[in-house]
Amino acid sequence: MRFMVLVKASKESEAGALPDRKILTEMGKYNEELVKAGVMLAGEGLHPTSKGVRVKFSGPKRTVTDGPFPETKELLAGFWIFKVRSKEEAIEWVKKAPFDGGTEIEIRQVFEAEDFGPALTPELKESEERMRAKLGYAEKK
């Protein structure tokens, strides 16, 4: 099972404040532990929304809005993608993360091909697998 672990933004992260050496060291150790355990598939921090945009779709119309975006509690500062056996295992790994000060993390399961049932035809599944292989992201069961 794969889970996306979403680190919510804070006023500090949205202001562009970077972590200090102590936090970077702790996070590096945590990430190493995730990698050694075969849990971490990806993980990145994100720039503040002042450096981003939103694209809104309305029929054929596309509206681009420049950041920053005001609703800090709904914004993201970073993410990981974990491969674990269960949601409970993902929770246990997240509890070990070196955060404090009210940091909030959301854990969401990533869809797998089987989740789409018969709507994902053999042809669509094969096409998806080819794309993942080109990306070096072939699913390992």
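Start with the whole surface: the protein chain exposes about 10500 Å², and carbon and sulfur atoms supply 57% of that area. Keep in mind as you turn it that this is a predicted model.

**The whole chain**

Switch to a cartoon view and colour by secondary structure. You should find 4 helices and 6 strands in the protein chain. Following the sequence from its start, the elements come in the order β-α-α-β-β-β-β-α-β-α. The C-alpha trace spans about 50 × 45 × 25 Å along its principal axes. Of the 141 residues, 21% count as buried. If you display contacts with a separation of 6 or more, 76% of them are between residues 24 or more positions apart.

Now colour by pLDDT. The average for the protein chain is 92, and 96% of the residues score at least 70. Among the elements, look for helix α3 (residues 87–95), which has the highest mean pLDDT at 98, and helix α4 (residues 122–134), which has the lowest at 90. A word of general caution for this view: where pLDDT is low, the predicted coordinates should not be read in detail.

**Stop one: the aromatic cluster**

Select Tyr 30, Trp 80, Phe 82 and Phe 99 and show their side chains; together they form one aromatic cluster. The structure holds 4 aromatic pairs. One of them is Tyr 30 with Trp 80, an edge-to-face pair with 5.5 Å from centre to centre and 80 degrees between the planes. Tyr 30 sits in helix α2 (residues 21–36) and Trp 80 in strand β5 (residues 76–83), so this pair ties together parts that are 50 residues apart in sequence.

Stay on Trp 80 and bring Phe 82 into view. Their ring centres are 6.1 Å apart with the planes at 45 degrees, so this pair counts as tilted.

Are these rings buried or exposed? Tyr 30 counts as buried because its relative accessibility is 3%. Trp 80 is buried too, at 5%, and Phe 82 is buried at 0%.

**Stop two: salt bridges at strands β1 and β6**

The model has 9 salt bridges in total. Begin with Arg 2 and Glu 112, whose side chains meet at 3.1 Å, N to O. Arg 2 lies in strand β1 (residues 2–8) and Glu 112 in the loop between β6 and α4, so the pair ties together parts that are 110 residues apart in sequence. Arg 2 is buried, with a relative accessible area of 4%, and Glu 112 also counts as buried, at 12%.

Next, select Lys 8 and Glu 106. They form a salt bridge in which the closest N and O atoms are 3.3 Å apart. This pair links strand β1, where Lys 8 lies, with strand β6, where Glu 106 lies, 98 residues apart. Then add Arg 108, whose side chain meets that of Glu 106 in a salt bridge of 3.3 Å, N to O. With all three on display, you have Lys 8, Glu 106 and Arg 108 linked in a network of salt bridges.

How much of each residue in the network is accessible? Lys 8 is buried, with a relative accessible area of 15%. Glu 106 is partly exposed at 25%, and Arg 108 is partly exposed at 48%.

**Stop three: Ile 107**

Move to Ile 107, found in strand β6 (residues 105–109). Its relative accessibility is 25%, so Ile 107 counts as partly exposed. Which residues does Ile 107 touch, not counting those up to four places away in sequence? They are Phe 3, Met 4, Ala 90, Ile 91 and Val 94. For a distance check in your viewer, pick the C-alpha atoms of Ile 107 and Met 40: they are 14 Å apart in space and 67 residues apart in sequence.

**Stop four: a nonpolar patch**

Finish back on the surface by selecting Val 53, Val 55, Phe 57 and Val 64. These residues form a nonpolar patch with about 390 Å² of accessible area together. Strand β3 (residues 53–58) gives the most to the patch, with 3 residues. Click on Val 55, which has its place in strand β3. Val 55 counts as partly exposed because its relative accessibility is 44%.

Terms used:
Residues numbered from 1 in each chain as written. Heavy atoms only, no water. Helix = DSSP H or I, 4+ residues; strand = E, 2+ residues; numbered from the N terminus. Buried < 20%, exposed > 50% of the residue type's maximum accessible area, 1.4 Å probe, protein only. Contact = heavy atoms within 4.5 Å. Patch = residues over 30% accessible without salt bridge, like charges linked within 9 Å, V, L, I, M, F, W, Y side chains within 5 Å. Areas by Shrake-Rupley, 256 points an atom, 1.4 Å probe, with all protein chains shown as cover. Salt bridge = Lys/Arg side-chain N within 4 Å of Asp/Glu carboxyl O. pLDDT = per-residue confidence, 0-100. Phe/Tyr/Trp six-rings, centres within 6.5 Å; stacked < 30°, edge-to-face > 60°.
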